[in-house]
Amino acid sequence: MMEQKYKRVLIKLSGEALGENGRLFDFDQIDRVAAVIREVHEMQAEIAIVIGAGNIWRGRQGPAAKMGAVTADHMGMLGTMINSLAMQDALERQGIQTRLQTAIEMTRFAEPYTYRRAMRHLEKGRVVLFACGTGNPFFSTDTAAALRAVEIGADAILLAKNIDGVYDDDPRQNPEAKLLKDITYAEAQQRGLRVMDAAAITICMENKVPAIRVFGLDDPENILRVMQGDGMGTLVHP
């Protein structure tokens, strides 16, 4: 086995990548991801997870465009809770102790987020899932992932997406788009590259998050490969 590259990571999972054909749930895929996270956990890594809600709700797009922005974002936050509950269940069926924390209080489902409690869980070897984004409208789960990564002192954000890295253009629309292997936060911001949203990149840049590794979740084993130092996808760094 290759040497473990990171000790504490925040894994940001695309909600769309956990859905089936872009919609709702692919439970086989969720179980595959959970099995790989178990392997990472067995490496004694400390793991936090933020999951998007794209398989359930893409606020302010399509028919939701006429909704109030705050209401649409609240619905998106609830979508992240649904995905987090599904992943928590899958992880616990793998025999992993977990804690689900939420930025919006719903105490029958999850603990309210507190920094000290989250750190305690990580130190005890529990996988911690952070749901409901930052708890505020107008901020994405990308921003929540960046914020929580800074708070817990993560060595890296592992950005597992439904696309295999950062390109100089949208590869779904431009077949000539080129994969960028190594970029800085400043370059991503200046070029408007779609790594994370602008607020998330700013948080990472200002707080010198050591690395974001962007890669595809088409094969969940990619999470393990990245943990072992594989250079797939795109490295974004200070």
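Okay, so let's start with helices H1 and H2. H1 covers residues 27-42, H2 covers residues 69-93, and in this predicted model their axes sit 9 Å apart, at an angle of about 55 degrees. With that angle, H1 counts as oblique to H2. As for handedness, the crossing of H1 past H2 is right-handed.

Who's actually touching whom here? On the H1 side you've got Ile30, Asp31, Val33, Ala34 and Ile37. Across from them, H2 brings in Ala86, Met87, Ala90, Leu91 and Arg93. If you sort the residues of that contact by class, you get eight nonpolar and two charged, with no polar ones. Asp31 from H1 and Arg93 from H2 are the charged pair in that list.

Right, on to another pair of helices. H4 runs over residues 141-152 and H6 over residues 198-206. Their axes come within 7 Å, and they cross at roughly 15 degrees. Angles under 35 degrees count as roughly parallel, so that's what we call H4 relative to H6. This time the crossing is left-handed.

Which residues make up this contact? From H4, we have Asp142, Thr143, Ala146, Leu147 and Val150. They meet Ala199, Ala200, Ile203 and Cys204 in H6. By class, that comes to seven nonpolar residues, one polar and one charged.

Now, hang on to Cys204 for a second, since cysteines bring up the topic of disulfides. A disulfide is a covalent bond between the sulfur atoms of two cysteines. How many disulfides does the structure hold? Zero. And what about the cysteines themselves, buried or exposed? Cys204, the one from the H6 side of that contact, is buried, with a relative accessible area of 0%. Cys132 is buried as well, at 1%.

Last stop, a strand. Strand S4 is residues 111-112, and Glu111 lies in it. Is Glu111 buried or exposed? Its relative accessible area is 18%, and the cut-off for buried is under 20%, so Glu111 counts as buried.

So what does Glu111 touch? Let's skip its neighbours within four places in sequence. That leaves contacts with Arg99, Leu100, Gln101 and Thr102, and also with Arg117 and His121. If you have the model open, try clicking on Glu111 and picking out those partners.

That's the tour: two helix pairs, one oblique and one roughly parallel, then zero disulfides, and a buried Glu111 in strand S4. Okay, over to you folks.

Key. Residues are numbered from 1 along each chain as its sequence is written. This is a predicted model: local features need pLDDT of at least 70, side-chain atom pairs count only at pLDDT 80 or more; totals for chains, interfaces and linings use all residues. Side-chain values use heavy atoms; hydrogens and water are left out. A disulfide is a pair of cysteine sulfur atoms within 2.5 Å. Buried means under 20% relative accessible area, exposed over 50%, partly exposed in between (1.4 Å probe, protein chains only). Axes are lines fitted to C-alpha atoms, for helices over the stretch in contact, and angles run from 0 to 180 degrees between N-to-C directions. Helices (H or I, at least four residues) and strands (E, at least two) are DSSP runs, numbered from the N terminus. Angles under 35 degrees count as roughly parallel, over 145 as roughly antiparallel, 65 to 115 as roughly perpendicular and the rest as oblique. A crossing is left-handed if the near helix is turned anticlockwise from the far one by less than a right angle, and right-handed if clockwise. Contact means heavy atoms within 4.5 Å.
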